[in-house]
Amino acid sequence: MVLVEPVPAFRDNYIWVIGNNQYAVAVDPGDAGALQEYLEERKLELVAILCTHHHQDHVGGNLALSKQHGCPVYGPAREKIPAMTHPVSEGDLVRFEEIGASFVVMDLPGHTSGHIAYFGEGALFCGDTLFGCGCGRVFEGTMEEMHASLSRLAALPEATRVYAAHEYTLLNLRFALEVEPENPDLPARKEEDERLDRQGIPTLPSTIGLEKRTNPFLRCEDPAVMRMAARHCGKTLSASAEVFSVLRRWRNEF
Ligand SMILES: [Zn+2]
């Protein structure tokens, strides 16, 4: 199993660093300074940058880091990514001999229209698509696309570790409890994540299994979630994509 560590950046971003005691691959290095400090302290050589989408807080460090380390930059083929050398899309396999890890690329439109994730080694680097107990805002894609993208992630093995790009779990849990006050798995998750937060430990990674039990955006087919969404919008909802759309709008105002 490869080692994955968080480098906190800005207010609530994580730059995930995958590697060993010699080499590192960084996911979404929005802040070159924060990552550079981490690499220097541990004397690590940066061998690649992986980006999930074009937002500045995910790609802001690309130019400086790729110049300094001479490393390739992987990113979504359908988006403009600074310093990108390897545009990738659905089904592409990216392999890094130095850290003994490979990942398959998934196209996940919704948050942005070209958003991708990297899945491999039992880990999912999903940028701003799936968060702990929540999901990203739908900026460029459609609600249907985001719902389909999240449904694909829900179909990954339950043990898959979820490395999302932001620490939003506790706020998301408040919303989840509003949607599903009777979900027995939510209080347990809240207690555990609050304990981690008090100790200054990230609530991530979570797992696909935990997200399926607690994340309302992956539970659009659950009768209780459907009922709450219908009650919130005052309409009968039949399709899970409609339920998703109501939940996402509700969360925007929460
Ligand atoms: Zn974003």
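1. Let's start with contacts. In this predicted model, counting contacts with a separation of 6 or more, 56% come from residues 24 or more positions apart. As for burial, 50% of the 254 residues count as buried.

2. Overall dimensions next. The C-alpha trace spans about 55 × 40 × 30 Å along its principal axes. A compact globule with 254 residues would have a radius of gyration near 18 Å, and the protein has 18 Å, so the two agree. The secondary structure adds up to nine helices and 14 strands.

3. Now the sheet that begins with E1. Six strands make up this open sheet, in the order E1-E2-E3-E4-E5-E6, and the pairing is mixed. At its edges are strand E1 (3–9) and strand E6 (86–88), each of which pairs on one side only. From one strand to the next, the twist averages 25°. For a spot to check by eye, take strand E3 (residues 23–27), which pairs with E4 in the parallel sense over five bridges. There, Val 27 stands opposite Leu 50 in E4.

4. What packs on that sheet? H1 does, touching E1, strand E2 (13–19), E3 and E4. The direction of H1 makes about 135° with that of E1. H3 is worth a look too: this helix lies across E4 and E5, and runs at about 145° to E4.

5. Staying with H3 (residues 62–69), which residues are buried? They include Asn 62, Leu 65 and Ser 66. These three cover an arc of only 95° around the axis, which puts them on the same side of H3. The general rule behind this is familiar: an α-helix has 3.6 residues a turn, so residues three or four places apart point the same way. The partners of the buried residues of H3 are helix H1 (32–42), strand E4 (45–50), helix H2 (56–59) and strand E5 (73–76). Also have a look at Gly 70, just after H3, where phi is positive at about 60°.

6. On to the sheet that begins with E7. This one is open as well, with six strands in the order E7-E8-E9-E10-E13-E14 and mixed pairing. Strand E7 (93–96) and strand E14 (206–207) stand at the edges with a single partner strand each, so one side of each has no neighbour in the sheet. Where E14 meets strand E13 (residues 161–164), the two run antiparallel and are joined by two bridges. In that pairing, Arg 161 stands opposite Thr 207 in E14.

7. One residue to click on: Leu 153, in helix H4 (residues 143–154). Is Leu 153 buried or exposed? With 24 other C-beta atoms within 10 Å, Leu 153 is buried, because the cut-off for a buried residue is 20 or more. Leaving aside residues up to four places away in sequence, Leu 153 touches Leu 124, Cys 126, Thr 129, Leu 130 and Ile 208. For a distance to check, try Leu 153 and Glu 211: they are 58 residues apart along the chain, and their C-alpha atoms are separated by 10.0 Å.

How values were computed:
Residues are numbered from 1 along each chain as its sequence is written. This is a predicted model: local features need pLDDT of at least 70, side-chain atom pairs count only at pLDDT 80 or more; totals for chains, interfaces and linings use all residues. A residue is buried if 20 or more other C-beta atoms lie within 10 Å of its own, exposed if 12 or fewer, and partly exposed in between; C-beta atoms are placed from the backbone. Helices (H or I, at least four residues) and strands (E, at least two) are DSSP runs, numbered from the N terminus. The arc is that of the directions from the helix axis to the C-beta atoms. Two residues are in contact if their C-beta atoms, placed from the backbone, lie within 7 Å. Two strands pair if DSSP finds at least two bridges between them. The radius of gyration is taken over C-alpha atoms; the globule rule is 2.2 Å times the number of residues to the power 0.38. Axes are lines fitted to C-alpha atoms, for helices over the stretch in contact, and angles run from 0 to 180 degrees between N-to-C directions.
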